[in-house]
Amino acid sequence: MYLKRLLTITCVCLAAVWSVGAEAEDKVITPKDGVIHLFNGKNLDGLYVWNRGTAYEDPREIFTVKDGMLHISGDGYGGLITKGDYRDYHMVIEFKWGEKTWGKREDRARDSGVLIHCHGPDGGYGNTWMASIEAQIIEGGVGDILVLTGKDPKTGEAIPTSLTTKITKDRDGEKVWKKDGEEITLSSGRINWFGRDPDWADKVGFRGKDDVESKFGEWTRMDVISKGGEIEYLVNGVVVNAGYNAKPDHGKLLVQTEMAEMWVRKWDLYPLGEAPKYKKK
């Protein structure tokens, strides 16, 4: 009788665990019936802030909507984060730099980024962002990949993130994406986009000789295609970086503030295969 009751309790517990897991998976959103406007052009509905030092508050109004565009003042470090968890999508963001830079980065390259597959607690990476994979937006380095393994601020336990890709190394030994290069799996660090200038310098206004991002003051389109564990980055229609076996393969999305003013006029998720082709405007 005892054994029978024990088996019954075990089965009930397992069923509950499986139910919770299934419910969590059900909450992961995949665009199927048209575009999802992460930024709707009117307000910040569906999004929330997490900024270093002020957490869920934004007293300096770093993230606002002006003239139908998302304005990121750059005054601080943090992010604007989707409330939803997404997988298998084609993300399109169109952005341009503003004039203003701040603090210790006043004379440094304008810097921002979009984090995908965000998971774990807010502030789980450097008490600022989330564990994730970054699609870098920085002058001269738009399309770099950064793998951000986080740490739970309460327990200190790692929040693992990893990605496999193929690389070569540049003159200075930095990792650079190469389609038929050496396979490598990272849980931290950066993969430069294939044409990043080896003489890149962290100075405001930097532009490399082979950069495909638009010139200062013009709009740049960056695409992130996420399919299963595969990711691919495009800048103005050019494939600049890629990886596979991403862990996790889904999560929230986050657009950063990193001490540089930036404008965003579009931030959308399309079903795979349905995003409009890039056209220079």
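Which residue does the side chain of Lys209 meet in a salt bridge? In this predicted model, the partner is Asp197, with N and O lying 3.9 Å apart. Both residues sit in the loop between E17 and strand E18 (220–227), yet the pair still ties together distant parts of the chain, 12 residues apart. The two ends of this contact have quite unlike surroundings: Lys209 is exposed, at a relative accessible area of 63%, whereas Asp197 is buried, at 12%. Asp197 gets that label because its value falls under the 20% cut-off, while Lys209 clears the 50% needed to count as exposed.

The Lys209 contact is one of 14 salt bridges in the structure. Some of them share partners, and in this way Arg105, Asp107, Arg108 and Asp202 are joined into one network.

Another of the bridges involves Glu174 and Arg190, whose closest N and O atoms are 3.2 Å apart. Here too the pair links distant parts of the chain, with the two positions 16 residues apart in numbering: Glu174 belongs to the loop between strand E14 (162–169) and strand E15 (175–177), and Arg190 to strand E17 (residues 188–191). Glu174 is partly exposed, with 33% relative accessibility, and Arg190 also falls in the partly exposed class, at 31%.

A further salt bridge brings together the side chains of Arg171 and Asp172, again at 3.2 Å from N to O. Arg171 counts as exposed, with a relative accessibility of 55%. Asp172 reaches 46%, so it stays in the partly exposed class, the cut-off for exposed being over 50%.

Strand E17, home of Arg190, also turns up in the sheet. Seven strands make up this open sheet, and they pair antiparallel in the order E3-E6-E21-E9-E10-E11-E17. The edges are taken by strand E3 (47–51) and E17; each has a single partner strand, so one side of each has no neighbour in the sheet. On average, neighbouring strands here are turned by 20° against each other, with direction ignored.

Further into the strand order comes the pairing of E6 with E21. Strand E6 (residues 77–82) and strand E21 (residues 252–258) run antiparallel and are joined by five bridges. Within this pairing, Gly79 has Gln256 of E21 as its bridge partner. As for what holds such strands side by side, strands of a sheet pair through backbone hydrogen bonds, in either a parallel or an antiparallel way.

Notes: Residues numbered from 1 in each chain as written. Predicted model: local features only at pLDDT ≥ 70, side-chain atom pairs only at ≥ 80, totals over all residues. Heavy atoms only, no water. Salt bridge = Lys/Arg side-chain N within 4 Å of Asp/Glu carboxyl O. Buried < 20%, exposed > 50% of the residue type's maximum accessible area, 1.4 Å probe, protein only. Helix = DSSP H or I, 4+ residues; strand = E, 2+ residues; numbered from the N terminus. Pairing = 2+ DSSP bridges. Axes fitted to C-alpha atoms, helices over the stretch in contact; angles between N-to-C directions.
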